[in-house]
Structures are given as C-alpha cells and as structure tokens.
Amino acid sequence: MADSNLGYLSLLVLPPLVLLLLLYAIVKPRPVRIPIKNRHVFITGGSSGIGLALAHQAAREGARVSILARDKRKLEEAKETILLSTGIDVAVFAADVRDADAVRKAVDEAGAIDVLVCNQGVFVPRELEKQELDEVRFMLDVNLMGSFNVVKAALSGMKNRTDGFPAAIAFMSSQAGQVGIYGYAAYSASKFGIRGFAEALQHEVIGDNIRVSLIFPPDTETPGLEQENKTKPQLTSIIAGSSGAMKADEVAKKALSGIKTGNFIVPCNFEGRLLAIATAGLSPQPSFLMAFVEVVGASLLRIAALCFQWNWYGCIEKWHAQKKQ
Ligand SMILES: NC(=O)C1=CN([C@@H]2O[C@H](COP(=O)(O)OP(=O)(O)OC[C@H]3O[C@@H](n4cnc5c(N)ncnc54)[C@H](OP(=O)(O)O)[C@@H]3O)[C@@H](O)[C@H]2O)C=CC1
Ligand SMILES: CCCCCCCCCCCCCCCC(=O)[C@@H](N)CO
C-alpha cells in the first residue's frame, strides 16, 4: 500500500522535476546581474513620462544618466527636477531620433553607454481609414526607425566598453506590441517591429555580453497618455481597459529591475505577466522558473487569450450595432 502511494507520488512529482531540470540545463542566455551604479545610462525620451521616471530612478541608484529628446525646454526642466530630488546632474541632448546624424553626434558627445534605453515613442490611435499615411509614417519613423538610429549610434561604443560588466539595450514596447488592438494599426506595427528587431539583435550582441530587454507597459499615466486620450477611439479605450493602468514610477521600477536581471521580456502588471506567457513564442528566457511557467501555462493561457478575443469581438459587434441604430 505504502509502496503504491509512493509510486503515485513519484509519478506526480517526477515529471515536473525532470522538466525543471531540463529547463535549468537548456535556458539561454544564462541569467546575469547588470549593475547600474556608477554606469552610464542613456535614455531616449527621458524628458517626460516613463522615460523621466526611469531617469529619476537610475540617478537615485547612482548611475550617470543622459537623456535625449527634441524639446530643449522640457529637457532642462527634467534636468532641474532630477537635480533637486537626487542631487545628480544628468546630461541632456536635444535631438530628434529620426535624424541619424544628430543622434550620432549626441551619442558620441555623451560617451560610451552601458545601459541604453530606447524609450522615445509617439502614439496617435485612430482607425486606419481615418488615419493619414503621414501619421502612420510618423509612428513608424519615431518608434521603429528612431530606435534603429539610436542603437546604430550606440553599438560600437557599447561593445568597446572595458569595465568587464555586462551591458544592456532595452526597448520600451507596449502591451499593444504583444497584441494588435483596434485603433493601433500603425502603433502596434511599430512596437511589433521592435520585437523582431530585439530578438535578432540579442543574437548579434550576446557575444559582447550585452543583454536585450523588451518592456511591455499597459496604459500608463503620462503627459503622452493625457494627450492620447483626447482623441482615442472609444473601442480602443474599451479594449485597452482589459489591462489595469499604471503610474509612470511603477513602470519605471519594473523596467529597471527587469533590465538589471537581464530579462528579455519584462511585463509590468498582472495582465502583462499573462500576456508574456501567452506570447512567449521563440523569445529567449534566462529564467528556468519562468520557462517552466511558460511551458506548463501555454495551453491554459491560449484558452484565456481566446476568451479575451471573444470579449473584444463582442464589444466591437455591440459598438457597430449601436452605430446602426
Ligand atoms: N503612456 C502609456 O500609456 C504607454 C506608453 N508606452 C511607451 O512608453 C514610451 C514613453 O511613453 P510616455 O512616457 O507615455 O510618453 P511621453 O509623451 O510622456 O514622452 C515621450 C518622450 O519621448 C520624446 N520624444 C518623442 N518623439 C521624439 C523624437 N522624435 N525624438 C526624440 N525624442 C522624442 C519626448 O520628448 P520631445 O517631445 O521633446 O521629443 C518625451 O521625452 C513610448 O515608447 C510609448 O510608446 C507604452 C505603453 C503605454
Ligand atoms: C492571455 C491573457 C491576456 C491578458 C490580458 C490582455 C490585455 C491586453 C490589453 C492591452 C492594452 C494595450 C495598452 C496599450 C497602451 C499604449 O501603448 C498606449 N497608451 C500608447 O502609449
């Protein structure tokens, strides 16, 4: 009797244990700690919202911080508030990420970067039928091509660093970069594009001990969101409301801790963790425990994903029915 109980027990315990061991052996790139203190953190879009919160936090943790954005006045304001609250003097660079030469000049002047955060972003949600191609191009240029310009400018300096510590390149994506959403055709495309960029880039920079991170925030209270909300289609708000809103400070905290642990996928809230498992795909995963959750959770989360789609398509149908009345 005792023997058969033991048999059942081992049948229950052994498979997950073997799976855990297997995942422990195979996950790559291996886990790392990326130090921030006394290192150069360069943040694009660091004059407002999430980027500004991140600049504050990095400065508070003893990093040397540089921020880049277009508007000189906002940059100076950011510099002032960070100096007041942390005593750290951040370097500011006025440039448009769409201008590759201006970006290169700023990055050269700033000096070799240890932690690069491509956070700049623009978002104008609108049905594609009502959106001009100029607006589509604007989002793709700033969010996607802009990130290429920044990484291209920073890469050789990052590879040639001499302190021996691992470095990081992080991208501020969005949950709209994990699932396409009504009103975000261009925006989602720009953020999905960044994911392909990041996955490929990680292959190319791992040999230089550089870790790539993708951060996926939900709606976050920032000046950008306030602006966006003025013209957001109702259905966009309804669907995006499936994920709870966050404060910029909270997102910055999650982002920085994800970057420091070298995680490729960095979710920011509970819904974000579900999304990360549901969309794990072929992304790298340094944590064997997270890999275990992904493997075990995959089919269950596919069902959850289909329930969300059922709900969203229901909202869209209802909205169309109301419009017809
Ligand atoms: N807020 C939200 O709900 C969410 C935001 N995100 C992402 O987070 C990032 C930051 O968003 P958020 O903080 O809300 O945005 P904000 O609009 O508050 O700030 C955007 C920052 O990017 C800079 N920026 C914009 N365009 C350019 C450009 N062409 N060249 C250089 N800098 C530029 C802005 O400065 P300036 O205008 O002076 O250039 C500003 O510093 C974006 O990538 C966004 O897509 C993701 C999910 C949710
Ligand atoms: C399998 C389970 C799934 C779980 C939940 C799915 C929830 C999806 C919500 C997506 C919200 C997108 C917000 C985009 C915010 C943004 O980027 C704009 N504010 C522009 O900045």
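Which polar backbone atom lies 3.2 Å from an oxygen atom of ligand 1? In this predicted model, the atom belongs to G224. The protein covers 95% of the 880 Å² of accessible area that ligand 1 has on its own.

Two further polar contacts involve oxygen atoms of ligand 1. One comes from the backbone: an N or O atom of T220 lies at 2.8 Å. The other comes from a side chain, with a polar atom of Y187 at 2.7 Å. The shell around ligand 1 counts 32 residues. S47, S48, R70, Y187 and T222 are the closest. By class, the shell holds 13 nonpolar, 13 polar and six charged residues. Three helices, α2 (49-60), α6 (185-205) and α7 (223-229), each contribute at least two residues. The largest contribution is that of α7, with three residues.

Ligand 2 is surrounded by 20 residues. Here the closest are S174, Y184, Y187, D219 and E228. Y187 is thus named among the closest residues for ligand 1 and for ligand 2. The side chain of Y187 places an N or O atom 2.7 Å from an oxygen atom of ligand 2. S174 also approaches an oxygen atom of ligand 2, with a polar side-chain atom at 2.6 Å. D219 addresses a nitrogen atom instead: a polar atom of the D219 side chain lies 2.7 Å from that nitrogen of ligand 2. On its own, ligand 2 has 600 Å² of accessible area, and the protein covers 96% of this. Two or more residues of the shell come from each of α7, α10 (270-278) and α11 (288-324). The most come from α11, which gives four. The shell around ligand 2 divides into 14 nonpolar, four polar and two charged residues. Helix α7 therefore features in the shell around ligand 1 and in that around ligand 2.A separate site of interest is E127. This residue sits in the loop between β4 (115-118) and α5 (133-159). Is E127 buried or exposed? E127 counts as buried because its relative accessibility is 17%, and the cut-off for burial is under 20%. The side chain of E127 makes a polar contact of 2.8 Å with the side chain of Y182. Beyond neighbours within four places in sequence, E127 is in contact with Y182, G183 and P233.

Terms used
Residues numbered from 1 in each chain as written. Chains lettered and ligands numbered in written order. Predicted model: local features only at pLDDT ≥ 70, side-chain atom pairs only at ≥ 80, totals over all residues. Heavy atoms only, no water. Near = heavy atom within 4 Å. Polar contact = N/O pair within 3.5 Å; in protein donor to acceptor, adjacent residues only side chain to side chain. Areas by Shrake-Rupley, 256 points an atom, 1.4 Å probe, with all protein chains shown as cover. Nonpolar A, V, L, I, M, F, W, Y, C, P; charged D, E, K, R; others polar. Buried < 20%, exposed > 50% of the residue type's maximum accessible area, 1.4 Å probe, protein only. Contact = heavy atoms within 4.5 Å.
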